[in-house]
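Student: I'd like to walk through a couple of serines and then the core. Can we look at the model together?

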Amino acid sequence: MGCLKFFSGEPPAEGRSNILYVNKDTGETYIWNGSAMVSSGGGQPLETPELSSSVINSSQIDLSWTAVPNAYIYILERSLVSDFSSPVTLYEGSNLSFVNTGLDPNTTYYYRISALGYGYLNSSYSILFDTT
């Protein structure tokens, strides 16, 4: 797989084989099999990754999370408000850590992470906050 593509409502009519299509509303994942868009599962949700953080200095926070069995990709988001009304995606990939750089001193940042995998619903979010 090359990347993720999010959608709402019905899955796209066509796609590319190197993309995992994710329904933002339900968490169900789809793949293009060469002739049709097919559900890659939609079974049980993945376990929730456990997110932790450590302030490196006034402009950097080190974030790490636990591996989740059957997870293909992790999505890490940041917000300046606890309700995540305007989250920023910081990372999409299979690594288990990320260093958030370029932060403002004396600022509280909220982070959340979710896991995605074939044949599973997205995990619940693990959420934390830290202050530079």
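Student: Is Ser-94 buried or exposed?
Tutor: Keep in mind that this is a predicted model. The cut-off for exposed is over 50% relative accessible area. Ser-94 comes out at 52%, so the label is exposed.

Student: Where does Ser-94 sit, and which residues is Ser-94 in contact with beyond its neighbours within four places in sequence?
Tutor: Ser-94 is in the loop between strand 8 (88-93) and strand 9 (97-100). Tyr-74 is 20 residues away in sequence, yet the C-alpha to C-alpha distance is 5.9 Å. Leaving out neighbours within four places, the contacts of Ser-94 are Tyr-72 and Tyr-74.

Student: What about Ser-79, buried or exposed?
Tutor: Ser-79 belongs to strand 7 (residues 73-79). Buried means under 20% relative accessible area. Ser-79 has just 3%, so Ser-79 is buried.

Student: Which backbone oxygen lies 2.9 Å from a polar atom of the Ser-79 side chain?
Tutor: Not counting residues up to four places away in sequence, Ser-79 touches Phe-84, Ser-86, Tyr-109 and Tyr-110. The oxygen you're after is on the backbone of Val-81.

Student: Which strand gives the largest share of the largest nonpolar core?
Tutor: That core has 15 residues, and Leu-51, Leu-63, Trp-65, Leu-76 and Tyr-111 have the most contacts inside it. Strand 6 (60-65), strand 7 and strand 10 (108-116) each supply at least two of its residues. The largest share is four residues, and the strand supplying them is strand 10.

Student: How many residues are in the second, separate core?
Tutor: Its members include Leu-20, Val-22, Ile-75 and Leu-116. The full count for this second core is five residues.

Note on methods: Residues are numbered from 1 along each chain as its sequence is written. This is a predicted model: local features need pLDDT of at least 70, side-chain atom pairs count only at pLDDT 80 or more; totals for chains, interfaces and linings use all residues. Side-chain values use heavy atoms; hydrogens and water are left out. Buried means under 20% relative accessible area, exposed over 50%, partly exposed in between (1.4 Å probe, protein chains only). Contact means heavy atoms within 4.5 Å. A polar contact is a pair of N or O atoms within 3.5 Å; within protein, one must be able to donate a hydrogen and the other to accept it, and residues adjacent in sequence count only if both atoms are side-chain atoms. A nonpolar core is a set of buried Ala, Val, Leu, Ile, Met, Phe, Trp, Tyr and Cys residues joined through side-chain atoms within 4.5 Å.
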